[in-house]
Amino acid sequence: MDYENKLVLAPMVRVGTLPFRLLAADYGADITYAEEIIDHKLIKCERKVNEYIGSTDFIEKGTDNVVFRTCNQERNRVVFQMGTSDAVRALKAAQIVCKDVAAVDVNMGCPKSFSVSGGMGAALLTKPDLIHDILTTLRRNIDTPVTCKIRLLKSSQDTVELARRIEKTGVSALAVHGRKVADRPRDPAKWNEIADIVSALSIPVIANGDVFEHHDFHRIKVATGASSVMVARGALWNASIFSPKGKAHWEDVKREYVRKSILWDNDVKSTKHTLREIITHYSCLELPEGKAVIKSENLADLAKVYGEEEYYRLVSENRFSLTGHR
């Protein structure tokens with residue numbers, strides 16, 4: 001996995017599923033992070049090849065619950081991001097998935113309570129010994145590249161010291177979100193503090209924060225000196241941000257996302273969540289489109305909302321002919 005001059009899709013819970021990752025890649029994303037998945041959840045899974053849609057699924061044993069879905073098309077660019085607070089459990093989870101992904105990343109930046117309360121995400125930032133234990137255990141026992149994503153600490157010096165310690169574990173790259181744990185999305189990202197980390201390390205640093213237009217990729221790269229650039233909300237609102245040709249209209253991007261969700265049989269709740277985020281940014285959920293999305297109970301309903309009934313029918317018929325069952 002090469003981390004030089006790459007455009008990277010950030011991990012986003014309930015958004016970074018297979019259809020959205022492939023959508024971003026189609027528009028020019030070089031590396032695509034999956035949504036964070038907790039190690040507890042993955043170690044309850046078994047790997048199954050899904051001939052019905054051509055994917056590789058990690059399914060919770062005894063259920064039909066798909067915890068992680070990937071496919072051969074993204075094998076060389078998808079990053080599995082894990083939430084963990086224990087080295088042994090992290091390794092057990094990584095060993096289940098590492099042969100099907102390009103890299104394994106440990107989430108050390110999520111400030112949300114569901115992560116922090118379990119000692120995961122940003123809670124790790126105050127536990128350098130545990131960070132070292134988790135990363136070195138993964139590095140020594142799997143051949144897949146290992147990385148992690150952090151936030152800024154209280155002072156730039158503290159962040160640099162932590163970053164240097166992380167570098168010593170042998171990770172392939174470090175992603176840095178230019179905000180502190182207490183910062184809100186509306187607070188400006190501190191690109192200058194990312195620059196401090198870049199100048200202190202020899203491994204590639206991936207800069208993240210306040211990238212909303214394609215030209216921002218160049219701006220943050222120049223400002224920080226980072227090897228690569230990661231984008232979250234800018235990609236969520238319009239995945240064509242990765243395209244050097246300029247953004248496509250968000251309505252067209254949204255429709256293409258719906259088609260990919262149908263093709264890859266994405267979880268309808270995940271698809272609806274992503275659509276609601278896009279609609280809320282550009283429009284309003286109280287308008288007919290938003291209400292129709294909220295009411296949709298399955299992908300067939302969403303196909304009707306976006307005029308993709310014929311596409312849905314063709315995909316369904318193709319699966320029927322391939323497998324002999326619906």
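**View 1. Who T271 touches in this predicted model.** Leave aside residues up to four places away in sequence, and T271 is in contact with Y257, S261, N266, L299 and L302. T271 itself is part of helix α11, which covers residues 268–282. Is T271 buried or exposed? With a relative accessible area of 1%, T271 counts as buried, because the cut-off for buried is under 20%.

**View 2. T271 and I53, a pair picked out along the chain.** These two residues are 218 residues apart in sequence. Their C-alpha atoms sit 17 Å from each other.

**View 3. The cavity and its lining.** How many cavities of 30 Å³ or more turn up? The count is 1. For the largest cavity, the space inside comes to about 40 Å³. Its lining is made up of T56, T70, C71, N72, R75 and D100. Sorted by residue class, that lining has 3 polar, 2 charged and 1 nonpolar. As background, a probe the size of a water molecule, rolled over the atoms, reveals where empty space remains.

**View 4. The span annotated in UniProt, residues 9–258.** The label comes from an unreviewed UniProt entry, which lists this stretch as "domain: DUS-like FMN-binding". Within residues 9–258, helix accounts for 36% and strand for 23%. How far apart are the end C-alpha atoms of this span? They lie 18 Å from one another.

Definitions and conventions: Residues numbered from 1 in each chain as written. Predicted model: local features only at pLDDT ≥ 70, side-chain atom pairs only at ≥ 80, totals over all residues. Heavy atoms only, no water. Helix = DSSP H or I, 4+ residues; strand = E, 2+ residues; numbered from the N terminus. Buried < 20%, exposed > 50% of the residue type's maximum accessible area, 1.4 Å probe, protein only. Contact = heavy atoms within 4.5 Å. 1 Å grid on protein atoms, 1.4 Å probe; cavity = no way out; pocket = protein on both sides within 12 Å on 5 of 7 lines; lining within 4 Å. Points joined across faces, edges and corners; volume = space filled by probe spheres on them. Nonpolar A, V, L, I, M, F, W, Y, C, P; charged D, E, K, R; others polar. UniProt positions renumbered as here; feature names shortened; annotations may be inferred.
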